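Please look over the sequence and the structure shown here before reading on.

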Amino acid sequence: MAESKTAKQEGLMYKGHPLRRVDNLIYYGSMADKYIIMMQVLESKKEQDLDVATKVSVQLQLTDPDLKSRDRVVKKSEKDSLYAAMDVAAIWLERALSGK
């Protein structure tokens, strides 16, 4: 029972990092870290009664608030599914935070 309360307070986690969604933007990582991933769903299609992402922009960004938004982007790519975007995002974030 205590585990479910902790999970609710932390929110959704993926591979040890927080995952937040605001409309068509998905943020992966913590603002307390040096890097964060921003994914934007650019296109989607209806599959039965669900919207499925067909084009997702992925950006590795610095979290430094003193930088302009365009200067924060370290890497960017576009993927054809949310699954592929999350796969790249997890690898990019791990490598960036480990300093590789």
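The paragraphs below follow one strand and then turn to a pocket.

This is a predicted model, in which local features need pLDDT of at least 70, side-chain atom pairs count only at pLDDT 80 or more, and totals for chains, interfaces and linings use all residues. Residues are numbered from 1 along each chain as its sequence is written, and side-chain values use heavy atoms, with hydrogens and water left out.

Strand E5 covers residues 50–62 and contains Gln61, strands being DSSP runs of at least two residues, and helices (H or I) of at least four, numbered from the N terminus. Gln61 is buried, with a relative accessible area of 12%, where buried means under 20%, exposed over 50% and partly exposed in between (1.4 Å probe, protein chains only). Beyond residues up to four places away in sequence, Gln61 touches Lys34, Tyr35, Ile36, Met38, Arg72, Val73 and Val74, contact meaning heavy atoms within 4.5 Å.

Ser57 also belongs to strand E5 and is buried, its relative accessible area being 12%. Apart from neighbours within four places in sequence, Ser57 is in contact with Met38, Met39, Gln40, Leu42, Ser77 and Glu78. From Ser57 to Asp80 the C-alpha to C-alpha distance is 9.0 Å, although 23 residues separate them in sequence.

The largest pocket (an open set of points on a 1 Å grid over the protein atoms alone, where a 1.4 Å probe fits, with protein on both sides within 12 Å along at least five of seven lines; lining residues have an atom within 4 Å of a point) is lined by residues including Asp51, Val52 and Ala53. Strand E4 (35–47), E5 and helix H3 (82–98) each give two or more residues to this lining, and E5 supplies the largest share, 3 residues.
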